[in-house]
Structures are given as C-alpha cells and as structure tokens.
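Visitor: I would like to go through some charged pairs and one loop residue. Please show me the model before we start.

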Amino acid sequence: MQPDSNQHPMVGVDHQLPPTTDPVKPQHKGVRAVVWIALIVFFAAGFYLVLRQHETTQKAPAGGRRGAAGGTVAVTTVTAKKGNIGVYLDAIGTVTPVYTSSITSQVNGIVTAVHFTEGQLVRKGASLIEIDSRPYRATLLQAQGVLDRDQGVLAQAQMNLARYQAAWARNAIPKQTLDDQEKLVQQTQGTVKNDQGTVQFDEIQVDFCHIVAPITGRVGLRLVDPGNVVQANGSTVLAVVTQIQPITVVFTVAEDGIGEIQPRIKQRAKLAVDAFDRTDQKKLATGILLTLDNLIDTTTGTVKARASFANKDSSLFPNQFVNTRLLVNTLVGATLIPTAAVQHNVQAAYVYVIDDNKAHIRPIRVGVTEGQMVQVQDINPGDVLATSSFDKLQDKAPITIVNGRGPVSTSGSDAP
C-alpha cells in the first residue's frame with residue numbers, strides 16, 4: 001500500500017523557514033532620521049537669527065540704539081553755552097584742630113573746684129580747675145622771709161663797703177680790708193639772687209594751682225571732680241581744650257596732582273577747598289589751601305595737604321570725616337553742556353545735535369566735569385542738543401522739541 005501523501009504532508013518534504021528578521025531595526029533608523037532633520041532645522045534657524053541680528057547691528061546708529069520706524073521722536077533739548085568751569089581734585093580728609101591741649105597737673109594736691117561745664121566754649125586765660133594752693137603759699141612765704149633777711153644783710157655789707165672806700169681814700173685802712181669787704185658784698189649779692197629764684201619758683205607753684213585755658217576753644221567732658229587728688233606730671237588728664245575756630249582739614253592728594261598745585265602755590269594763589277559730608281552731597285564749608293606736606297607717602301603715592309576753614313557756624317567737628325574738592329584752576333570761555341546730553345558707546349562719547357528738525361550724531365571729547373555741567377570739545381556754543389528719548393533716537397531721525405511747552409518745530413541754532 002502506498003502511503004497517502006495527503007495524510008502525511010511532513011514526510012519527505014523539505015520545509016525551509018523564511019530568514020529571521022529584527023522588526024525593531026527599521027524603527028530605530030526612522031527615529032535617527034527624524035532627530036537629524038530636527039537638528040538641521042534648528043541650526044539653520046539659529047544661523048538665520050544670528051545673521052539678521054548682525055545686519056541689524058550694522059544698520060544701527062553709532063550709539064548702539066535703533067529708533068522706532070516712522071514718525072518723529074519727541075525730545076527735550078538744551079543749548080550749548082560758553083562759560084567758566086573749575087578744575088577740581090577730589091580727595092578724602094579728616095577735620096583736624098589747629099591746637100588741642102590735654103591739660104595735666106604740674107603740682108600735687110587736691111582739686112578744690114571745677115569752673116567749666118562740659119562742652120563749654122572758653123577763652124584763653126579762663127579759669128578751669130583749682131587745686132589746693134595753701135601748702136605752696138606757705139612755702140612761698142618762707143622763701144620771701146629768707147629773701148628779705150638776705151637783702152638786709154646785703155644792704156649792710158654795701159654800706160660798710162662805702163665806709164671802707166672813703167677810709168681807703170684817706171689811707172686810714174689797709175687795702176686788704178677794702179678788698180675783703182668788696183668780696184663780701186658780692187657773696188651776699190649771690191645769696192640774694194638765690195633767694196629771688198626760690199621765691200619765683202614758689203610763685204610758679206602757686207600759679208600751677210590755678211589752671212586756666214591755654215587756648216580759646218571748646219572744653220571736653222569733665223574728667224576730674226572736686227576732692228580728687230592729682231599728682232605732678234602724672235598721666236591723669238584734667239581737661240581737654242580743642243580749638244574749633246579756625247579749624248583745618250588734612251586730606252591726601254595723588255602725587256600726579258602735585259604738578260597742578262605747586263605752580264599755583266608759588267604764585268601765592270589762594271586755592272579754594274570745599275568740604276562735603278560723608279555722602280558727598282551736602283557742602284559743609286569752604287576754606288583756603290594752606291600748604292602741602294614735604295614728603296610723598298611711598299606706600300600710597302599720595303601727599304598730605306592742609307586747608308584752613310573759618311568754621312564760624314561750627315559745621316566742621318574735630319576728627320570728622322569729610323570729602324574735599326580742591327579748585328586748582330578755572331577754564332575760562334569753555335563750551336559747556338549738561339551731562340545729561342552726553343551719551344557713550346564702546347568707541348567714544350557723542351551727542352545728538354538738532355539741526356533742520358533732525359537729530360545728528362556727533363562724536364565729542366569730554367573734559368572737566370563740575371556738578372551737572374561738563375566741558376566738551378567739537379561742539380560750538382549755540383548748538384542745540386537732545387537730552388531725552390535716546391532709546392528712540394538714531395542718526396538723522398526726525399524730531400519734535402517739547403521742552404515742557406508742547407511740540408516746537410525748530411531748525412539749527414534758533415532752537416530755544
């Protein structure tokens with residue numbers, strides 16, 4: 001019997017399976033393609049934006065700003081003027097009294113009275129402190145008694161000398177007797193001088209018991225009270241008196257500024273010095289430069305300077321920190337504009353000059369600044385300059401002047 005091939009399909013038949021394939025691989029290839037396409041689009045867009053930004057920068061005005069497209073820009077203006085401006089050297093300084101007296105006792109004793117009140121303004125010679133002077137007065141009285149006695153002895157010796165001289169003239173006494181009397185008179189004169197010195201010393205000791213102000217100034221806080229015992233030449237300070245009118249300010253100047261100051265000092269010019277408070281906002285006083293120090297500090301490259309202030313209103317206080325401005329020169333006939341009109345870019349300073357109802361960029365050279373005004377070159381007195389709307393202005397942009405009075409049309413230097 002022949003086998004039925006229909007019943008056994010697997011017998012004698014060579015079945016081959018199809019090759020194995022990885023179904024994930026094609027999916028990975030598709031993802032990578034999408035990522036590469038996205039990166040190419042991203043870099044192309046970035047390159048385009050950078051290119052556009054570069055073109056915008058190239059077309060922008062020198063000030064680095066681009067005005068609004070179309071229309072006019074409302075601006076406020078000022079007119080450059082001709083005037084004088086000071087050349088200043090700014091520095092920091094300390095208010096320093098001309099005289100400061102720390103008073104100590106010259107004698108031993110008990111404080112019997114304090115005549116001043118704390119913070120009082122005292123005149124030179126005013127009574128400050130009393131020390132018990134009775135022991136010194138007693139010593140003075142003894143010295144005066146010794147002086148009186150020796151002065152009597154001297155008078156008697158001089159009277160005898162006169163008699164011996166008359167007797168010697170008549171050859172009534174030997175020459176030795178006259179010589180001895182002359183030397184006795186000289187010895188007595190020396191004793192009297194010694195007594196006079198003792199009396200003067202004791203008088204000074206008595207005067208030391210009455211302490212007075214050595215200068216005119218303000219006395220500080222009370223440091224001793226009645227009943228305190230003080231020692232001669234001790235370290236205990238009895239009172240401190242500080243002169244405040246006039247007063248000085250010591251400040252430092254960079255050594256580069258000496259060349260500007262020295263010629264003016266040699267010309268005996270009175271250079272003004274302004275003192276401002278710590279914030280450099282409030283002007284306290286105006287004084288005159290006295291002198292420069294004789295040495296430059298090699299560690300800081302500066303030299304000390306001293307200025308004198310009348311200080312009539314006591315606005316300057318001893319040891320106060322101040323900011324100083326030394327006027328070393330004055331530029332006459334300079335072109336002046338407000339600092340608000342000056343703009344800056346990387347290359348230089350510039351302004352917007354208004355002419356024919358348009359803003360024109362003009363580079364300038366900036367010089368001395370004083371307050372809100374600055375001295376410039378490359379600008380003529382009478383030129384009209386913009387002082388606002390710089391974020392909208394560009395070269396040759398049409399403008400309208402407002403200046404707080406509404407729009408004003410102008411051309412050239414006829415601007416208000």
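Visitor: Is Asp179 buried, partly exposed or exposed in this predicted model?
Guide: Asp179 has a relative accessibility of 28%. Buried means under 20% and exposed means over 50%. Because 28% falls between these cut-offs, Asp179 counts as partly exposed.

Visitor: Which residue forms a salt bridge with Asp179?
Guide: Asp179 lies in helix H3, which covers residues 175-208. Its partner lies in helix H3 too, four residues apart from Asp179, about one turn of the helix. The closest N and O atoms of the pair are 2.6 Å apart. The partner of Asp179 is Lys175.

Visitor: What is the relative accessibility of Lys175?
Guide: Lys175 forms the salt bridge with Asp179. Lys175 counts as partly exposed, and its relative accessibility is 37%.

Visitor: How many salt bridges does the structure hold?
Guide: Side chains of opposite charge can pair when their charged atoms come close. The Lys175 and Asp179 pair is one of these salt bridges. The structure holds eight.

Visitor: Asp274 and Lys283 also meet in a salt bridge; which of the two is buried?
Guide: The N to O distance in this pair is 3.5 Å. Lys283, at 46% relative accessibility, counts as partly exposed. Asp274 has a relative accessible area of 11%, and buried means under 20%. The buried residue is therefore Asp274.

Visitor: How many residues apart in sequence are the parts tied together by Asp383 and Arg362?
Guide: The side chains of Asp383 and Arg362 meet in a salt bridge, 3.2 Å from N to O. Asp383 lies in the loop between strand E20 (373-377) and strand E21 (384-386), while Arg362 is in strand E19 (residues 358-370), so the pair ties together parts whose separation in sequence is 21 residues.

Visitor: Is Asp383 buried or exposed?
Guide: Its partner Arg362 is partly exposed, with a relative accessible area of 29%. Asp383 has a relative accessibility of 15%, and the cut-off for buried is under 20%. Asp383 therefore counts as buried.

Visitor: Turning to Tyr99, what separates its C-alpha atom from that of Thr248?
Guide: Tyr99 is found in the loop between strand E3 (81-97) and strand E4 (100-104). Tyr99 and Thr248 are 149 residues apart along the chain. Their C-alpha atoms are separated by 9.9 Å.

Visitor: Which residues is Tyr99 in contact with, leaving aside its neighbours within four places in sequence?
Guide: Tyr99 is partly exposed, with a relative accessible area of 47%. With those neighbours left aside, the residues in contact with Tyr99 are Ile215, Val241, Thr242 and Gln243.

Conventions. Residues numbered from 1 in each chain as written. Predicted model: local features only at pLDDT ≥ 70, side-chain atom pairs only at ≥ 80, totals over all residues. Heavy atoms only, no water. Salt bridge = Lys/Arg side-chain N within 4 Å of Asp/Glu carboxyl O. Helix = DSSP H or I, 4+ residues; strand = E, 2+ residues; numbered from the N terminus. Buried < 20%, exposed > 50% of the residue type's maximum accessible area, 1.4 Å probe, protein only. Contact = heavy atoms within 4.5 Å.
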